Amino acid sequence: MILGRILGGAMAKSRIGRAEQRNGWLFIAPTLVLLGLFMVYPIVWSLWMSFQTGRGMNHSFGGFTNIIRLTQDPVFLRALTNTGIFLVVQVPIMIVLALLFAAALNNPKLRFRGFFRTAIFLPCVTSLVAYSILFKSMFASDGVINDLAIMLHLMDAPISWLGDPFWARTVIILAITWRWTGYNMIFYLAAMQNIDKSIYEAARIDGVPGWARFRYITLPMLKPVILFTTVISTIGTLQLFDEVNNITTGGPSDSTLTLSLYIYNLTFKFMPSLGYAATVSYVIVILVAVLSFLQFLVAKDRKA
Amino acid sequence: MSRVFAQARSGLVYAGLSLAAFVSIFPFFWMLVGTTNTAPDIIKGKITFGSALFDNITNLFAQVDMVQVFWNSTFLAIVGTVLTLAISSLAGYAFEMFPSKTRERVFAVLLLTLSIPFAAIMVPLFVMMAKLTLINTFTAILLPSIASVFIIFYFRQATKAFPHELRDAAKIDGLKEWQIFLYIYLPVMRSTYAAAIIIVFMANWNNYLWPLIVLQTNENKTLTLVVSSLASSYYPDYGVVMVATVLATLPTIIVFFLLQRRFVEGLTGSVK
Amino acid sequence: MNQMLIRARKSVFLATGISLLAMTSALAGEVTVWSWDPNFNGATMKEAAARYSASHPDMTINLVDFAKADLEQKLQAQLASGTTEGLPDIVLIEDYGAQKYLLSFPGAFEPLNGKIDYSGFAPYKVELATVDGNTYSMPFDSGVTGLFYRSDILAEAGYTAADLQDIDWDQFIEIAKVVKEKTGHPMLGIDLNDAGAVRILLQSMGAWYFTPDGQPAIAGDAKFKAALSTYAKLLQAKEIYKPVSGWTEYTGGFVSGEVASVFTGVWMTATIKAANMSGQWGVAPLPKMPGVEGATHASNLGGSSWYVLSSSAEKDEAVDFLAEVWGKDADFYQKILVDQGALGSYLAAREGEAYKASDAYFGGQAVWQSFSDWLAAVPAVNYGIFTNEVDAAVAAQLPALAEGGSVDDAIAAIDAQVRAQIQ
């Protein structure tokens, strides 16, 4: 029996390399087939479209016309700026909040954990239609938020939340954070569950304080998941559409117009310029590529 | 002294969580209140319960075949989730467990595809589906979504925490790769799967743009499309809209409830 | 692995099965119609279908409804893909977008001028759907504008219906200021992200964002400057309006009784009636543009028409249906006026009873009569194909104008943005 095992082990070792390779490709085969069909062709098409100019069905090859048009398009530049602002402000806030909540909820001694967890996750499932109606009515000039803030003496006069560019952006950032913090929290919680509790025990016995345990044990083990959420959040914010379409419709005066909303307008609202819309899409692709690459780089030096 | 500090900090934690919980729940509460009020009251901002719940429900069911629509969304969500998890988690596992230079490059390309806004590939995808005569079918909705780079990415990152010793031990025991995946990996990564099920179910359930473009008939509509159409008349009946949105939200909450224990309550000892 | 494959195969079969069922449900003699708002557009279509089926029993109608924005997305995506499978037989399109669809997707729509006598319809509705001499639409609801006002609030401020006839916008602003002073009610609800009012002002002068041959009429155009200046005056008189954001808040303003008036298309009537304030409303003609030659009290906001897709298998039946009921049946128009508040563009219908009836909700005023008169007077304008682009550019400048910004600067900015967009 034991001999059989040893022999089997020895023989298996020489086959592992090839078997692994085979399984490697086999396991990802269904994915590659599906994506090859339903991703690659459309992407190639849209790449081809990005060099086309024209309206609707009448288009012709335009070379770099679309790219030049990008540089002279005031609306595109506005959309780019807005998207950038949302990215830089909102993503870090959300990641940090989600981490804090996950850390707090990972404590087995905390009471009502189930309730808090469900509550903070609830915004992710609340329907887009419902919460945009709600946010619009809460932040109206005579809405709940203004009333509350004046009652609490936080300010003297009502703010026109949705009528002022700065405040409209604030509302959007609040809406996104409200909606997606719970989502990221779930990923962190699941990952924290995979950390062996005995490590914490050992550290506590050694006298390591709570915040240090978090910083030196939890965070490093969460690195892969944190990288995942930052990349995903970056992509999500660069493609921001739902909130700005439903709550502010890109206004006022295009202050909440994002790249995705602009693409949407170019494709559906305006005289359809599918070629130019595709070009703007590739701006998003390039931004994502660059930012993701940077994020991977930052995470890399710690990777084993 | 440190006891007081600890208690104060604990109090702060509870306060913070409570505030977060309140802010998170309030809109849902408002939705529930809305189901019981009439449209004019909702617009005025009434936040107390009314008595129009029965009327709103009756009106909704009179206007829309809710049973059919609910079934459509449920079917798509469940089948989509099962298939997506099966195919994508397998790929995520493989990318991490069987590293190779070529596959790394493939992975990088796949990641890039995440950045393409859907609006950009929608038209060619539609043409493709038309050529396959799949317009207005559920197959057309499922096919592009079940290989999800997002989930592949997620599982790959999560697999980094999967101990290699387990796999080595299993191989010495003579298990084949697919058996290792099914019998060792799956149980150990339960919490990851639970989280993924929630995420994918939610994504499929709330899927909006592609079903809008592909589905043509009333019988095939999903719940998200119905809610959107209800909410955009010249004078929408917000009471009805609220009932529809609450119904639209319920399944995702239920799925979350069922699974959250599983991935949080502990796999102590399972790694051993 | 095998389990998963089996499961996958099963579900694909199931899905295909269901899809087969779905496809076979589109039978012969069935006309598929896409529209938005089942209580308004959908209901009128159903009524028309019922009338047609009485004499053509093998025709059934399959009404599919979407949110308006969704429908536009769907239609545009599908037309852009060049695939005709799954397109409906009849589709509802908003008038502002008519030229856009007709010119972007040539050949997608069926010309109807052989089958329908367009002389019986309001000219401006016919012209906007005409390209190269072919007309493609069955004109439906008109967006003829009026000034809906709270007669009780105006009375409290000392104004009667007579005071609102034949006024211009400067006088309107004066009245609004007095109303605010004496009753505390704002006269209007204004959304700074919506350029609809500018469109109303322009069309009332017979002007538009573009000249009849498609050139932007923005920089250097006297009428555009007049419209923008007048609207800027309105925006800068902050006390007379309530700033709103989005459709719900906008309609909520007057439905709740807070806002004293609204100038918009006749299709808003149903919403106004939903406020349940019978006897407290009146309708006055739209104020006209001050100091402009050719200014009228008649304008238009919105409105839509039915179009037939060339790819439709039921084309002939669909066209016949439209021509029979929508093109000739004056009685039909009475019914939809009473039931849905839909003011059709069929001129002969105006002789009908319902159109002449007085409406208790509006204090016994014969409102439909008024709207019909204005309907015939709406100046015909070519909406062109870039209306949405200019709209977006104008809306972007509204907040600045409200803060006292210069009209000339705004015009320059709008012009620059539009020229960049329409290349």
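How many helices and strands does chain B have? Let's find out in the views below, remembering throughout that this is a predicted model.

**View 1. Chain B is built from helices, with zero strands.**
Chain B has 14 helices and zero strands. If you walk along its sequence, the pattern reads α-α-α-α-α-α-α-α-α-α-α-α-α-α. The radius of gyration of chain B is 23 Å, well over the 19 Å that the globule rule gives for 272 residues, so chain B is more spread out than a compact globule. Its C-alpha trace spans about 75 × 70 × 30 Å along the principal axes.

**View 2. The inside and the surface of chain B.**
Of the 272 residues in chain B, 59% count as buried. Take the contacts between residues at least 6 apart in the sequence of chain B: 72% of these join residues at least 24 apart. On the outside, chain B exposes about 10,900 Å², and carbon and sulfur atoms supply 68% of that area. Chain B also carries 18 positive and 12 negative charges, and the mean positions of the two groups are 9 Å apart.

**View 3. A serine in helix H4 of chain B: B:Ser89.**
Here we zoom in on B:Ser89, which lies in helix H4, covering residues 66–97 of chain B. Is B:Ser89 buried or exposed? B:Ser89 counts as buried, because its relative accessibility is 1%, while the cut-off for buried is under 20%. Who are its companions? Leaving aside neighbours within four places in sequence, B:Ser89 is in contact with B:Thr84, B:Phe155, B:Phe181 and B:Tyr193.

**View 4. Chain A combines 12 helices with two strands.**
Now we move to chain A, which has 12 helices and two strands. Starting from the N terminus, its elements run α-β-β-α-α-α-α-α-α-α-α-α-α-α. With 304 residues, chain A would have a radius of gyration of 19 Å by the globule rule; its value is 25 Å, well over that, so chain A is more spread out than a compact globule. The box filled by its C-alpha atoms is roughly 75 × 60 × 30 Å, taken along the principal axes.

**View 5. The inside, surface and charges of chain A.**
In chain A, buried residues make up 53% of the 304 residues. Among its contacts between residues at least 6 apart in sequence, 68% join residues at least 24 apart. The accessible surface of chain A comes to about 13,700 Å², and 70% of this belongs to carbon and sulfur atoms. Looking at charges, you can find 24 positive and 13 negative side chains in chain A, with the centres of the two sets 14 Å apart.

**View 6. Chain C contains 17 helices and 12 strands.**
Both helices and strands are there to trace in chain C, 17 of the former and 12 of the latter. Why can chain C be called a match for a compact globule? A compact globule of 423 residues would have a radius of gyration near 22 Å, and chain C, at 23 Å, agrees with that. Its C-alpha trace spans about 75 × 50 × 50 Å along the principal axes. Of the 423 residues of chain C, 62% count as buried. Chain C exposes about 14,800 Å², of which carbon and sulfur atoms supply 53%. Its side chains include 28 positive and 50 negative ones, and the centres of these two sets lie 5 Å apart.

**View 7. Helix H12 of chain C, residues 315–326.**
This helix has 12 residues. From its first C-alpha to its last, H12 of chain C reaches 16 Å, close to the 16 Å expected at 1.5 Å a residue. Which residues of H12(C) are buried? They are C:Ala318, C:Val319, C:Phe321, C:Leu322, C:Ala323, C:Val325 and C:Trp326. A handy thing to know when looking at any such element: an α-helix has 3.6 residues a turn, so residues three or four places apart point the same way.

**View 8. A loop residue in chain C: C:Ala380.**
Our last stop is C:Ala380, in the loop between helix H15 (367–377) and helix H16 (387–402) of chain C. C:Ala380 is partly exposed, with a relative accessible area of 36%. Leaving aside neighbours within four places in sequence, C:Ala380 is in contact with C:Tyr124 and C:Glu127. Try finding C:Ser204 too: C:Ala380 and C:Ser204 are 176 residues apart in sequence and 9.6 Å apart in space, C-alpha to C-alpha.

How values were computed: Residues numbered from 1 in each chain as written. Chains lettered and ligands numbered in written order. Predicted model: local features only at pLDDT ≥ 70, side-chain atom pairs only at ≥ 80, totals over all residues. Heavy atoms only, no water. Helix = DSSP H or I, 4+ residues; strand = E, 2+ residues; numbered from the N terminus. Rg over C-alpha atoms; globule rule 2.2 N^0.38 Å. Buried < 20%, exposed > 50% of the residue type's maximum accessible area, 1.4 Å probe, protein only. Contact = heavy atoms within 4.5 Å. Areas by Shrake-Rupley, 256 points an atom, 1.4 Å probe, with all protein chains shown as cover. Lys, Arg positive; Asp, Glu negative; His and termini not counted. Charge placed at Lys NZ, Arg CZ, Asp CG, Glu CD. Expected span 1.5 Å × (residues − 1).
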